[in-house]
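Here are my notes on this model, point by point. Have a look at the fold while you read.

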Amino acid sequence: MRPLDASGLPDVMDDDWPLDVSGLPDITDDDFSQWRARMARETMMGDEAIALGAVHAGLGGAFAYPGTPSTEIMETLQEFVKRQAEGKLDGVKNAFTAQWCANEKTAYESALGSSFAGKRSMVSMKHVGLNVAADPFINSALIRINGGLVVVVADDPGMHSSQDEQDSRWLADFARVPCFEPADPQQAYDMTREAFELSEKIEAPVMIRITTRLAHSRSLVETSAAKAQGAIQKPKVTKDWILMPANARRRWHEVLGKQPELQAMSSSSSWNPLSLKGEKLGVITTGLARQYWLENADEYAAAKGEIAHLHIGFYPMPEASIRKLYDACDEILVIEEGYPYVERQLRGIVAPGKKIMGKETGEIPYEGELSPDLVRKALGLPERKGLAVKELSPPGRPPQLCMGCPHADSYGALKEALKDYSQHAVLSDIGCYTLGALPPYNAIEATVDMGASIGMARGAASVGLRPTVAVIGDSTFYHSGLSNLIDAVSHNTNMTVLILDNDTTGMTGAQPTILPSSRLEPVLKGVGVHPDHIKVIRAHKNEHEKNVAIIKAELAHEGPSVVVMVRECLEALKKARKA
Amino acid sequence: MKYDIVLCGVGGQGGISVSVVIARAAMAEGLRVKQSEVHGMSQRGGEVLAHLRLSDKEPASPTIPLGSASLILSFEPLEALRYLPWLNAEKGVVVSATTPLKNMGTYPETEKVMSELSALPNKILLDADAIAREAGNAKAGNMVLVGAAAKLMPIKPESIEKAIRELFARKGEQVVEANLKAFEYGRKANS
Ligand code: SF4
């Protein structure tokens, strides 16, 4: 499947769209390229293009936990579920499943099960979510995948909404899983469709790695006819799904044996085009970085002559193409977003001698997002300048809790309850309430990863720091706080957990929490927190005095206690009102 | 033809829907469009930025290079200043609302912000909120700004009106009319 050049096609007028394709026969992949020119085109975000690509590939089940910048994939899929049910999703005849899950690991495992059942399956998450799902991800690479399994991971270089900028291509490599990296929403759509085909062909999971700017930028996407969803069909032999050592050893051997074939596939893939026009500088781009290069390419060619170029949109590394480029040029510049993945691998693929430039050598910044201007600089083109502010330097405007957010009242009560202690610890977690780190609250002292608040508070308490408080939201609690609370109950740790229960995942735009608020108390009781030390209170400044007194009493308690501070997220309220 | 727009403001000011309106109108006129948005954490009262690129050829980068934007459309005066490095130094125009949104302690004195803006070579500064109130919907300040920028953009006002109709249709005729009126008042403010 080649990305088509659509520039010569007539624009589809609004009146022609959506096209009615319900009468079309089901078509095979071989002939769908003939259809695509006749299909609808509209602008969509990278995330939306992936969702649509999956549905058009015959998706059976999709699973996810919200996380910027991946959230809109599942949101779009759920919208499609509704439209499909109303008969408004062109050409998609069968209903499919699209569900939020408790965390990325459970989402991944659901997708695995759905693949076991023979359905095309997708799991989507942000980069740090893959750490949570690393166990099923890495092990699923040893399974003989049944229904195509596509793992979409959205990296966040520049850390717009994340605690690190790790590069998921390393994890794909680590697991020996092939990986697509789209350059624009059109490729995101096409690659998603192809990823399902490939997954079934090589019987392995396939990753799609995107970055923030692709996830959240819109451009024209030309779609093609939807494929029908497959029937339930279990694997013919299930021993390749049972990873006991003897099977796992055999499967690992088989997976490694497949690598040369994937290698060869990569060098001949149309996603990895090689052009050897110039001989001085050779440029390697990957994924979205190609767009920043293209923004400058004409100017570079006019000023300094032709350039040889290898673009990588599919991994493993196209080693043969890389060697050709290296042999043809005097020096190489690698432009990639994230870690210097290609750059580092490159040094192991080619003989030393020529200059290789990129993040490790400083031509491209190691940290943060790429931009057309950073690439320009690396190419030695003159800097572009706009206007400058004369005297002021505009101060940053950090994000903050919404006016009237219940978290503000919770932090107000907590701070007052703690004020008489000369020493205490407040360990927090990931969500809107992380903003409690900033003034005027200055209420928390740590935020590391999902669920860590309870574990860290427990660790600090178990070596003697008192009082210790964990602050965690309801969604994060179900994500991975619960297992830490079980440790606390088991060891009767002296600590207090504040669950800020706003009945939603606020930070990512108010997705429903996996279980409703009403279930929280029975869950706490069920794992064994003493019922006298489970306090459910309303997070509101009108209740301030009462709340302070309750928190104070629990801080003094010997053993684990949980204070649930309840009030609905304002964003969630707004969203509910709109709907 | 190439026309790059930086849309900026503070989380919650409706920058994304403005971006969608302009993009749709441009597409209806046969232009190629690329949009880049900010989602997630910064939507909580932080700086919000969208890049919108209109061109007769598919734009390559989803983000605008420095010194290249033809227009900064800002819902807040300090935010307009923040993105000046993206504005084309000779031809670029700033269209900005003048009501400061001071949700941080470090916000500079309003006069200083306004004097920086007034010193710009090409600018249209207007009290979008007041004009929106006059038009009958205090919340439609963003459409007032689109109206004020209408004659600068390579798009017919009728196409923008059509896009407003389409985008807000689901919310009912009243919302559609309020936004159309705000757009019209904005156009009058810069006629
Ligand atoms: S989105 Fe909800 S939880 Fe987040 S700051 Fe706003 S009100 Fe609070």
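1. The sheet is a good place to start. Chain A has an open, mixed sheet of seven strands, ordered E3-E2-E4-E5-E7-E6-E12. Strands and helices here are DSSP runs (E, at least two residues; H or I, at least four), numbered from the N terminus, and two strands pair if DSSP finds at least two bridges between them. The edges are E3 (97-100) and E12 (314-315) of chain A, each with a single partner strand, so one side of each has no neighbour in the sheet.

2. Before going further, the ground rules. This is a predicted model, so to speak of a local feature pLDDT must be at least 70, and side-chain atom pairs count only at pLDDT 80 or more, while totals for chains, interfaces and linings use all residues. Residues are numbered from 1 along each chain as its sequence is written, chains are lettered from A and ligands numbered from 1 in the order in which they are written, and side-chain values use heavy atoms, leaving out hydrogens and water.

3. Now strand E2 (residues 59-64) of chain A. It runs parallel to E4 (residues 120-126) of chain A, with five bridges between the two; A:Gly61 is opposite A:Ser121 and A:Ala64 is opposite A:Ser124. Four bridges tie E2(A) to E3(A), again parallel, and A:Ala62 has A:Ala98 as its bridge partner there. Six of the six residues of E2(A) are buried (under 20% relative accessible area, 1.4 Å probe, protein chains only), so the strand is largely enclosed by the rest of the structure.

4. Which residues does A:Ile73 touch, beyond its neighbours within four places in sequence? They are A:Asp47, A:Ile50, A:Ala51, A:Met122, A:Ser124 and A:Val152, where contact means heavy atoms within 4.5 Å. A:Ile73 sits in helix H3 (residues 71-85) of chain A and is buried, at 0% relative accessibility. A:Val152 is 79 residues away along the chain, yet the two C-alpha atoms are separated by 9.1 Å.

5. Some backbone spots to check. Most residues other than glycine have a negative phi, and most peptide bonds are trans. The bond from A:Thr68 to A:Pro69 is cis, with omega near 5°; A:Pro69 is in the loop between E2 and H3 of chain A. Another cis bond joins A:Pro439 and A:Pro440, omega about 5°, and A:Pro440 belongs to the loop between strand E15 (425-427) and helix H16 (452-462) of chain A.

6. The E15-H16 loop of chain A also holds A:Asn442, whose phi is positive, near 45°. A:Asn442 is partly exposed (from 20% to 50%) at 47% relative accessibility. A:Met159, in the loop between E5 and H7 of chain A, has a positive phi too, about 50°, and is partly exposed at 38%.

7. Last, the cavities. A cavity is a set of points on a 1 Å grid over the protein atoms alone where a 1.4 Å probe fits but cannot get out; lining residues have an atom within 4 Å of a point. Points are joined across faces, edges and corners, and volume is the space filled by probe spheres set on them. There are five cavities of 30 Å³ or more, the largest of about 90 Å³. Its lining includes A:Cys402, A:Cys405, A:His407 and B:Arg44. Helix H15 (406-418) and helix H20 (570-578) of chain A each give two or more residues to that lining.

Key:
1 Å grid on protein atoms, 1.4 Å probe; cavity = no way out; pocket = protein on both sides within 12 Å on 5 of 7 lines; lining within 4 Å.
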